[in-house]
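Please go through the structure below and explain, term by term, how each description of it is justified.

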Amino acid sequence: MSLENVEIETPENFDFLSVIHSHPWAWLEPFDWDEEKKELRRIERFQDGKVVKLLITQKGDKLIVKVDGNSEATEIRARVRWMFRMDDDLSEFYEVCSHNHKLAPAIGKGRILRSSTIFEDIVKTLCTTNLRWRQIVPMVARLVTQLGTPIARKPEYHAFPTPAQIAGVDEEFLRKKIKMGYRADYILEFARNVKDGKFDPNKLRFMGSEDAYKTLKSIKGVGAFSSAYILMLLGHYDYIPVDGYAKSFVSNEFYDGKEVDSKEIYEIFNSYGKWKALAFWFYEGR
DNA sequence: TTCCAGGGGTAGA
DNA sequence: TCTACCCATGGA
């Protein structure tokens, strides 16, 4: 095992801690956030099947990636850049924020952490619906440790399972061993479709938001909320993920506690145009 | 025991 | 397009 460092220069207005705290992904395996060291651990499986441990910290205007294992620096850079949204241009969003005191604190923020594959982000979103957070964390941990490839000499660390690894078990396994409940059926069907080439998550990268929304919603188990959530991870912000939390926030902030639905939420944030979901996500007090 | 969680599918209107 | 109803899990 070798231990090497890969350094990546951060773009202007890059806030490492804001990416970590943008949503709860950093607390879901195979991520793990060390609050004391301010270090993000990520177990990553590469094209050739090799699994390595990445330890990511910020030092000045660079991200330092300690790599435990042998892998290509180029590939590591590409994946870290993708996960940390380092190529996102948010200058237009910050311009919008500068005209609203409730959004001024969002300047420098707006990069929402994502997994290295869209497949993983979709599976994780399916896992998070209709459950309490303390149930989601162990469920995802079971999925990763029981199905993901371990690091050869450190079998306690596992990468996120591939579509083939999930597709290789039956629904009973996902229900009983991973304790996914009714989600087992959805996740299994999705993994099998990806494995068989019937659904290619990477095509979502090149779609406009409307097409991507329709495509995501066609996945069984992915509804309006999850589609909008995944769209944010893809970098499209014109659909707002409306859930119970969104309703209660908008109700208290804008409607004096009166019950609201999607329609009222969009009425508030429509003025932000293609940035509406990001404006909603980083609105002060949310 | 009962309730509920930062939902979604389906049937029926 | 909208609504009612059901779906499981496990902690409080």
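The questions and answers that follow take up confidence, helix packing and some local features in turn.

Q: How do you know how confident the predictor is in chain A?
A: The model is predicted, and chain A averages a pLDDT of 92, with 99% of the residues scoring at least 70. Within chain A, the mean is lowest in helix α11 (residues 244-254), at 87, and highest in strand β3 (residues 39-45), at 97.

Q: Why is α4 called roughly antiparallel to α8?
A: The axes of helix α4 (residues 118-128) and helix α8 (residues 183-195) come within 10 Å and cross at roughly 170 degrees. Angles over 145 degrees count as roughly antiparallel, and α4 is therefore roughly antiparallel to α8. In the same pairing, α4 passes α8 in a right-handed crossing.

Q: Which residues make the contact of α4 with α8, and what makes up that contact by class?
A: From α4 come F119, I122, V123, L126 and C127, and from α8 come R183, Y186, I187, F190, A191 and V194. Divided by class, the contact of α4 with α8 has ten nonpolar residues, no polar residues and one charged residue. Arg counts as charged, and R183 is among the residues that α8 contributes.

Q: Why is α4 called oblique to α5?
A: Helix α5 (residues 133-147) packs against α4 at an angle of about 140 degrees, with the axes 10 Å apart. Roughly antiparallel would need an angle over 145 degrees, and roughly perpendicular one of 65 to 115, with the rest counted as oblique; α4 is therefore oblique to α5. The crossing of α4 and α5 is right-handed.

Q: Which residues of α4 and α5 meet, and how do they divide by class?
A: In α4 the residues are V123, K124, C127 and T128, which meet I136, M139, V140 and L143 in α5. The contact of α4 with α5 divides into six nonpolar residues, one polar and one charged. Lys counts as charged, whereas Thr falls among the polar residues, and K124 and T128 are both on the α4 side of this contact.

Q: What makes α9 and α10 oblique to each other?
A: The axes of helix α9 (residues 209-217) and α10 come within 9 Å and cross at roughly 130 degrees. Such an angle lies outside the range of 65 to 115 degrees for roughly perpendicular and is not over 145, the cut-off for roughly antiparallel, and α9 and α10 are therefore oblique to each other. Here α9 passes α10 in a right-handed crossing.

Q: Which residues bring α9 and α10 together, and what are their classes?
A: S209, A212, Y213, L216 and K217 of α9 meet A224, S227, A228, I230, L231 and L234 of α10. By class, the contact of α9 with α10 has eight nonpolar, two polar and one charged residues.

Q: How do you know that H236 has a polar contact with M207?
A: A polar atom of the H236 side chain lies 3.2 Å from the backbone oxygen of M207, and the cut-off for a polar contact is 3.5 Å. H236 is found in the loop between α10 (224-234) and α11, and, leaving aside residues up to four places away in sequence, H236 touches M207, G208, S209 and L231.

Q: What marks the peptide bond from E29 to P30, and what marks the backbone of K38?
A: The bond from E29 to P30 is cis, with omega near 5 degrees, and P30 has its place in the loop between α1 (16-20) and β2 (31-34). K38, in the loop between β2 and β3, has a phi near 55 degrees, which is a positive value in a residue other than glycine.

Terms used:
Residues numbered from 1 in each chain as written. Chains lettered and ligands numbered in written order. Predicted model: local features only at pLDDT ≥ 70, side-chain atom pairs only at ≥ 80, totals over all residues. Heavy atoms only, no water. Axes fitted to C-alpha atoms, helices over the stretch in contact; angles between N-to-C directions. Helix = DSSP H or I, 4+ residues; strand = E, 2+ residues; numbered from the N terminus. Parallel < 35°, antiparallel > 145°, perpendicular 65-115°, else oblique. Left-handed = near helix turned anticlockwise from the far one by under 90°. Contact = heavy atoms within 4.5 Å. pLDDT = per-residue confidence, 0-100. Polar contact = N/O pair within 3.5 Å; in protein donor to acceptor, adjacent residues only side chain to side chain.
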